[in-house]
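Reader: Hello! I am in my first year and would like a close look at one part of this model. Could you take me through it slowly?

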Amino acid sequence: MPASRFESRLQRLLPAPLTITPKQWIRAGIGASLGLFLAGWLTSLAYGPAIALHLLGPLAASAVLVFAVHSGPLAQPWPVLGSYGLACLVGLAMRAGFGPGLWIAAAALGVAILVMCLLRCLHPPGGAVAVGAVLADPGLTALGDHLVEPVLLNAFILVAVAVVYNRLTGVRYPKGAAPRKDLHHTRDPLPSERVGVTAADLDFALEEIGEFVDVTRDELERIILATEQHALQRSLGGITAASVMSRDVQFASPDTTLEQAWKMLDSHHLKTLPVLQQGQLVGMVSLSDLVGPAMRRRRGLLRRSKVRMAEVMTRHVISVSSQHPLERLLPLLGEQGLHCLPVLDGDQLVGVITQTDLIAGLKRQLLRVAEPASDQRIPSL
């Protein structure tokens, strides 16, 4: 057998590498240990050490999920709490109806899976809870139906520790649906969502697969969007802000008057002006910033003789550097609705990028990519 074929088969037998960093391994290990200890300790205080120790098996498996793979649907709070409570009730009911036994425990596992799927709280350690309730030792059996109480107490403590610990270590848990940006307050999707993979496409694909995917729908959508972003970065070939920015920048000062700003915008066909003070960017002023004062002055509501840019400019300015990749400008000038981005090298304004500059840069890139294909179609003379 050739070495390459042997290596290929060996590679298929090896497990896929984890996509989490060693730092996350350590974070998950510490969190799981802390969660298991606190749950076992508090449950032992309430129900005795013997009860607490017998319930730690399923809880340890749950700790791996909520701390190591916290973004998956199986690790969210409702699957943990719901599965523990429902599976325990199923196991107690099967034991009460048919007694302890291996086949009873197996049947309880099957019923528990059906119930968990029906109520959207599928959680693998819940199956162990159902089996444990059927095959419980005399100490657990003596609790009767009250066995649900320490089981749920364990689950609640573990989830509470997971929420606090994950948040403190920079992890969003539980994983709720990410809020949608709605800058324009309309029913239109974001510009970036009008082309390419849509939410409906994702729903159809998941339905077509017809199998359980151990990742939330929102996380899967985020992975797809990140993949598209990396593909876009590769296709744009390292184009930066310096390649497309306008360098002959028209700017105002804080003392520039309303009339002067209007004339500058009109004569240069601009929508936005940077405001500089002693060479430093201190704000931005746009047409919308000038319309209000101009209308009030026209109606005689503004008594002051002159309105200066220091009074109307936007002081919180989003800027980029000259080495900022072009693909990272798209969300700023598209989704966030900015008309102009100042480009800074250190504290020095070196240019601005407008939506027109961005479109022109993308057009040049599209033409460059299309050139080889068009050359092949045109016969040489």
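Is the crossing of α2 and α4 right-handed or left-handed?

Author: Happy to help! This is a predicted model, in which local features need pLDDT of at least 70, side-chain atom pairs count only at pLDDT 80 or more, and totals for chains, interfaces and linings use all residues. Residues are numbered from 1 along each chain as its sequence is written, and side-chain values use heavy atoms, with hydrogens and water left out.

The crossing of α2 and α4 is right-handed; the term applies if the near helix is turned clockwise from the far one by less than a right angle, and anticlockwise would be left-handed. Helices here are DSSP runs (H or I, at least four residues), numbered from the N terminus. Helix α2 covers residues 22-47 and helix α4 residues 56-68; their axes come within 9 Å and cross at roughly 145°. Those axes are lines fitted to C-alpha atoms over the stretch in contact, with angles from 0 to 180 degrees between N-to-C directions.

Who meets whom? On the α2 side you will find Arg27, Ala28, Gly31, Ala32, Gly35, Leu36, Ala39 and Gly40, and they meet Leu56, Leu59, Ala60, Ala63, Phe67 and Ala68 in α4. Contact means heavy atoms within 4.5 Å. The residues of this contact divide into 10 nonpolar, 3 polar and 1 charged. Here Ala, Val, Leu, Ile, Met, Phe, Trp, Tyr, Cys and Pro count as nonpolar, Asp, Glu, Lys and Arg as charged, and the others, Gly among them, as polar.

Gly35 also has a distant partner in sequence: its C-alpha atom is 8.6 Å from that of Ala160, 125 residues apart along the chain. Ala160 belongs to helix α9 and counts as partly exposed because its relative accessible area is 32%, where buried is under 20%, exposed over 50% and partly exposed in between (1.4 Å probe, protein chains only).

Phe67 leads us to the largest nonpolar core, which has 41 residues; Phe67 and Val66 are among those with the most contacts inside it. Such a core is a set of buried Ala, Val, Leu, Ile, Met, Phe, Trp, Tyr and Cys residues joined through side-chain atoms within 4.5 Å. Both α2 and α4 are among the elements giving two or more residues to this core, while its largest share, 9 residues, comes from α9. Not counting residues up to four places away in sequence, Val66 touches Ala75, Val80, Leu158, Ala162, Asn166 and Tyr173.
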